[in-house]
Amino acid sequence: MKKIFTSISDRLKINLIISIVLIPSLLLASVCLILAHGRISYIIFISFLTAIIISGAVLAIYLMSKEIMLAKRRSNFVSNISHELKTPLTSINMFADMLSMGLYDSEDDHDEYLSIIQKECRRLINLIDKVINYSRLESGKTEFQYKPEHIEEVVLSALKTFDEQMIDEKYEITIDISDELPQLLIDRDAITEALLNLLINAIKYSFERKVIIVSVKVENNYVVIGVKDKGIGIAEDQQKKIFEPFYRVNDPSLQNINGSGLGLTFVKYIIEAHRGKVIVESKIGYGSEFKLLLPYKDRR
Ligand code: ADP
């Protein structure tokens with residue numbers, strides 16, 4: 001399995017070696033050559049070499065600034081994740097203390113405190129799963145188990161997670177699945193995870209009323225799973241960046257929405273491992289549609 005991210009320090013070291021050692025040495029060698037010979041062919045050669053060196057330096061600076069940006073995002077991620085771990089733990093601790101000290105007025109209160117503890121535990125497990133998945137992805141240890149599957153079954157079973165929301169007035173979730181979809185060779189769990197990430201985002205980034213349409217159809221040689229929302233939308237200049245690890249749109253209005261900036265990184269990685277594509281169409285204030293394109297003619 002290919003390793004998609006090499007460690008930051010390794011890449012920084014390579015860039016630093018290029019900029020600090022290689023470039024000055026080449027420049028020095030060139031100057032020595034000119035001084036020693038002073039011929040026209042050497043001057044052409046040196047100009048050519050200088051152009052290569054300058055391009056190399058520009059590339060090194062570009063790569064280094066990318067590394068620094070990624071390191072910054074990682075550090076934001078660490079502070080976000082610490083906060084997200086602390087919030088549910090504090091509430092689990094508080095409600096467990098209240099239960100153990102008998103500080104509740106009725107059976108209903110007792111049950112409510114228990115269900116809060118369960119909910120917060122699930123939130124913690126989800127978060128920890130994300131971190132584990134990311135480190136697997138980073139080290140190239142993710143293995144997919146491809147089997148022939150009926151995609152409509154996979155989509156419908158993922159949607160079962162949202163049974164509670166289906167009957168909630170704030171939600172309007174529509175499912176539009178074409179007939180006669182071809183079987184796909186996929187890793188069922190991975191595709192479910194990708195779809196759940198999109199659905200959770202569609203809910204998270206919607207307004208008070210959450211209008212979501214999930215569709216499955218065939219287009220050209222692909223089975224296309226669409227998750228469309230009428231939420232806040234994504235500016236055009238952000239639409240590529242949101243798939244980068246740890247990237248979160250920097251908007252003050254989104255500060256209270258929990259997230260790790262890893263969900264869409266997983267989606268893209270999973271779909272590309274299936275030789276598919278992820279497309280986003282979005283307009284600020286009107287909503288977004290994420291499409292997962294899975295090839296149905298096996299090209300493996
Ligand atoms: P996060 O955990 O922050 O949601 P993701 O990788 O899933 O991480 O998404 C990256 C960013 O893309 C989010 O922080 C959000 O700004 C934006 N985004 C993702 N899905 C949507 C959506 N359906 N509508 C609007 N913005 C979205």
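# Working through a predicted fold

Arg-275 sits in the loop that links H7 and E6. Keep that residue in mind; we'll come back to it. The model you're looking at is predicted.

## Exercise 1: Get your bearings

Work out how many helices and strands the chain has, and in what pattern they follow one another.

**Solution.**
- Step 1: count the elements. You should find seven helices and seven strands.
- Step 2: read along the sequence. The pattern is α-α-α-β-α-α-β-β-α-β-β-α-β-β.
- Step 3: check burial. Of the 300 residues in the chain, 18% are buried.
- Step 4: look at the contacts between residues at least 6 apart in sequence. Here, 70% join residues at least 24 apart.

## Exercise 2: Lay out the sheet

Find the order of the strands in the open sheet, then say which strands stand at the edges.

**Solution.**
- Step 1: go across the sheet strand by strand. Its five strands come in the order E2-E4-E5-E7-E6, and the pairing is mixed.
- Step 2: pick out the ends. E2 (171-177) and E6 (277-283) are the edge strands; each has a single partner, so one side of each has no neighbour in the sheet.
- Step 3: add the twist, which averages 15° from one strand to the next.

## Exercise 3: Parallel or antiparallel?

For the pairs E2 with E4, E4 with E5, and E5 with E7, decide on the direction and give the number of bridges.

**Solution.** A quick reminder: strands in a sheet pair through backbone hydrogen bonds, and they can do so parallel or antiparallel.
- Step 1: take E2 and E4. They run parallel and are joined by seven bridges. One partnership to look for is Glu-172 with Val-211 in E4.
- Step 2: move on to E4 (residues 210-219) and E5 (residues 222-229). These are antiparallel, with eight bridges. Val-216 has Ile-225 in E5 as its bridge partner, and Glu-219 stands opposite Tyr-222 in E5.
- Step 3: finish with E5 and E7, an antiparallel pair with eight bridges. Tyr-222 turns up again here, opposite Pro-295 in E7.

## Exercise 4: A helix on the sheet

Find which strands helix H4 touches, and which of its residues are buried or exposed.

**Solution.**
- Step 1: locate H4 (residues 151-159). This helix packs on the sheet and touches E2, E4 and E5, and its direction makes about 170° with that of E4.
- Step 2: list the buried residues, which are Ile-151, Val-155 and Ala-158. They span an arc of only 65° around the axis, so they lie on the same side of H4.
- Step 3: turn to the face pointing away from that buried side. There you'll meet the exposed residues Glu-153 and Ser-157.
- Step 4: ask what does the covering. The buried residues of H4 are covered by elements including E1 (147-149), E2, E3 (184-186), H6 (188-204), E4 and E5.

## Exercise 5: Around the ligand

Say how many residues surround the ligand, and which elements give two or more of them.

**Solution.**
- Step 1: count the shell. It has 21 residues, the closest being Asn-201, Tyr-205, Val-249, Gly-259 and Gly-263.
- Step 2: trace them back to elements. H6 and H7 (263-273) each give two or more residues to the shell.
- Step 3: sort the shell by class. You get 10 nonpolar, nine polar and two charged residues.
- Step 4: look at H7 itself. Its buried residues are Gly-263, Leu-264, Thr-265, Phe-266, Val-267, Ile-270 and Ile-271. They pack against H3 (107-138), H6, E6 and E7 (287-295).

## Exercise 6: Spot the positive phi

Find where Asn-220, Glu-180 and Arg-275 lie, and give the phi of each.

**Solution.** Most residues other than glycine have a negative phi.
- Step 1: go to the hairpin of E4 and E5, with two residues between the strands. Asn-220 has a positive phi near 50° there.
- Step 2: find Glu-180 in the loop between E2 and E3. Its phi is positive too, near 50°. Glu-180 counts as exposed, because it has 6 other C-beta atoms within 10 Å and the limit for exposed is 12 or fewer.
- Step 3: return to Arg-275, which comes after H7. Arg-275 isn't a glycine, yet its phi is positive, about 60°. With 13 other C-beta atoms within 10 Å, Arg-275 is partly exposed.

How values were computed: Residues numbered from 1 in each chain as written. Predicted model: local features only at pLDDT ≥ 70, side-chain atom pairs only at ≥ 80, totals over all residues. Pairing = 2+ DSSP bridges. Helix = DSSP H or I, 4+ residues; strand = E, 2+ residues; numbered from the N terminus. Axes fitted to C-alpha atoms, helices over the stretch in contact; angles between N-to-C directions. Contact = placed C-beta atoms within 7 Å. Buried ≥ 20, exposed ≤ 12 C-beta atoms within 10 Å, placed from the backbone. Arc of directions from axis to C-beta. Near = placed C-beta within 6 Å. Nonpolar A, V, L, I, M, F, W, Y, C, P; charged D, E, K, R; others polar.
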